[in-house]
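User: I would like to work through this chain in some detail, beginning with how the strands are joined and ending with the loops. Could you set out the term we need before we start?

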Amino acid sequence: MSQAFHCGFVAIVGRPNVGKSTLANTLIGSKISIVSRKAQTTRHRIHGVLTREHEQFVFVDTPGFQTRHGGAMNRMMNRVVTQALADVDVVLHVVEAGKWSAGDAQLLPLLPKGDKTLLVVNKVDALKDKNAMFAYVSKIMALHPYAAVVPVSALRGVQLENLLGEVAKRLPEGEAMFDTEALTDRSVRFIAAELVREKIFRLVGDELPYGCTVVIEQWEENDKGVRIAACIVVERETHKPILLGTGGAHMKRIASEARQDMEKLLDKSVFLDVYIKVRKGWSDREGALRELGYE
Ligand SMILES: Nc1nc2c(ncn2[C@@H]2O[C@H](COP(=O)(O)OP(=O)(O)OP(=O)(O)O)[C@@H](O)[C@H]2O)c(=O)[nH]1
């Protein structure tokens, strides 16, 4: 008798920097979401799809749980987290081996109880004292009724088969929801915008206050390649010189590095034009956020 097919949604949650994007990317097997050393670089919900012989995993990569920023952006982001958890079949709560902080604890009240939440202890490769693992895990297991615990290294691909096995057990029976070829339900335009945003974060993230997004305003493909215009939207006039850098050096670097990544992603020549627009108070106006594609 043939084995039944299972398909369901899997949310990956955790405080910033625990490795959620890395885990999603490694599981799905392609770079769909940006990875950066800086905290809170993933602001969007991203669906990545992994299809195997007997199951399809639809991953929801939720943004870092926000506590530091006030305003509409924060409320919206927390809503995204709560909603993601209510809608999914399995929740992976990712923590960092040996490092438990207030940020991890803050997420606990949002986690569903019962059989659908798994504790994923990431970065086991970086753990110096392996013997401390048992005490660390016991402490966390006492705080929430997790269904299971799986230590992994997302970066090195350790124990991921085991993790997928635990998830698969909890997916409902049903047909595949996405084409097997699908990597993401976000368009390549979205990923292109993320690439520009990643470069901004890496280069001037420390100086640029929270409030910058990237909108792809033009996308024209022809036999020579693709012409892309990316608009960086900032909150204030004063943010412009930060982005530009001396003699426009920052912008040149952002555009050049983003273009190289886009060429790798699209496997064709990219002509990239990047410019800046000022829109006051965008991060605190839900309407403006929606308009820019945040909801
Ligand atoms: N040593 C080690 N480092 C890891 C592992 N997984 C992720 N990292 C690193 O941890 C950092 C943060 O990883 P991300 O995947 O961006 O973390 P995130 O949880 O998605 O972060 P936010 O987007 O800020 O919420 C990066 O420098 C990763 O390379 C791992 O298994 N081992």
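Analyst: Two strands are taken to pair if DSSP finds at least two bridges between them. The coordinates come from a predicted model, and everything below should be read with that in mind.

User: Which residue of strand 5 does H93 stand opposite?

Analyst: Strand 4 pairs with strand 5 (residues 117-122) in the parallel sense, and six bridges join the two. Within this pairing, the residue of strand 5 that stands opposite H93 is L119.

User: What is the handedness of the β-α-β crossover from strand 4 to strand 5?

Analyst: Strand 4 and strand 5 run parallel, and the chain passes between them through helix 3 (residues 102-107). Handedness is judged with the strands pointing away from the viewer, and a clockwise path from the first strand over the helix to the second counts as right-handed. By that criterion, this crossover is right-handed.

User: Strand 4 also pairs with strand 1; which residue of strand 4 does A11 stand opposite?

Analyst: Strand 1 (residues 6-13) and strand 4 pair over four bridges, again in the parallel sense. A11 has as its opposite residue in strand 4 V91.

User: How many of the residues of strand 4 are buried?

Analyst: In a regular strand the side chains alternate between the two faces of the sheet, so each face has to be considered separately. On one side of strand 4, V90, L92, V94 and E96 are buried, and on the other side V91, H93 and V95 are buried as well. Of the residues of strand 4 (90-96), the number buried is therefore seven of seven, given the threshold of 20 or more other C-beta atoms within 10 Å.

User: Is L92 buried or exposed?

Analyst: L92 lies in strand 4, and, leaving aside neighbours up to four places away in sequence, it touches V10, A11, I12, L118 and V120. The C-alpha atom of L92 is also separated by 9.3 Å from that of K20, although the two residues are 72 apart along the chain. Because 27 other C-beta atoms lie within 10 Å of its own, L92 is buried.

User: How many residues does the largest nonpolar core have?

Analyst: Among the residues with the most contacts inside this core are V10, A11, I12 and L92. The elements that give two or more residues to it include strand 1, helix 1 (20-28), helix 2 (71-87), strand 4, strand 5 and helix 5 (160-168). A second, separate core of 19 residues includes I200, V214, I232 and I254. For the largest nonpolar core, the number of residues is 36.

User: Which are the edge strands of the open sheet with the order 7-8-9?

Analyst: This open sheet of three strands has mixed pairing: strand 7 and strand 8 are antiparallel over ten bridges, whereas strand 8 (residues 225-234) and strand 9 run parallel over nine bridges. Strand 7 and strand 8 form a hairpin with two residues between them, and E220 stands opposite R227 in strand 8. Each edge strand pairs on one side only, and the two that do so are strand 7 (212-222) and strand 9 (270-278).

User: At about what angle does helix 8 run to strand 9?

Analyst: Helix 6 (residues 188-204) lies across strand 7, strand 8 and strand 9, and runs at about 130° to strand 7. Helix 8 (residues 249-266) lies across strand 8 and strand 9, and its angle to strand 9 is about 135°.

User: Is N17 buried or partly exposed?

Analyst: N17 is in the loop between strand 1 and helix 1, and its phi is near 75°, a positive value in a residue other than glycine. Because N17 has 17 C-beta neighbours inside 10 Å, it counts as partly exposed.

User: What is the phi of Q159 near?

Analyst: Q159 is in the loop between strand 6 (148-151) and helix 5. With 18 other C-beta atoms within 10 Å, Q159 is partly exposed. The phi of Q159 is positive, in a residue other than glycine, and is near 65°.

Conventions:
Residues numbered from 1 in each chain as written. Predicted model: local features only at pLDDT ≥ 70, side-chain atom pairs only at ≥ 80, totals over all residues. Buried ≥ 20, exposed ≤ 12 C-beta atoms within 10 Å, placed from the backbone. Core = buried A, V, L, I, M, F, W, Y, C linked by C-beta atoms within 7 Å. Contact = placed C-beta atoms within 7 Å. Axes fitted to C-alpha atoms, helices over the stretch in contact; angles between N-to-C directions.
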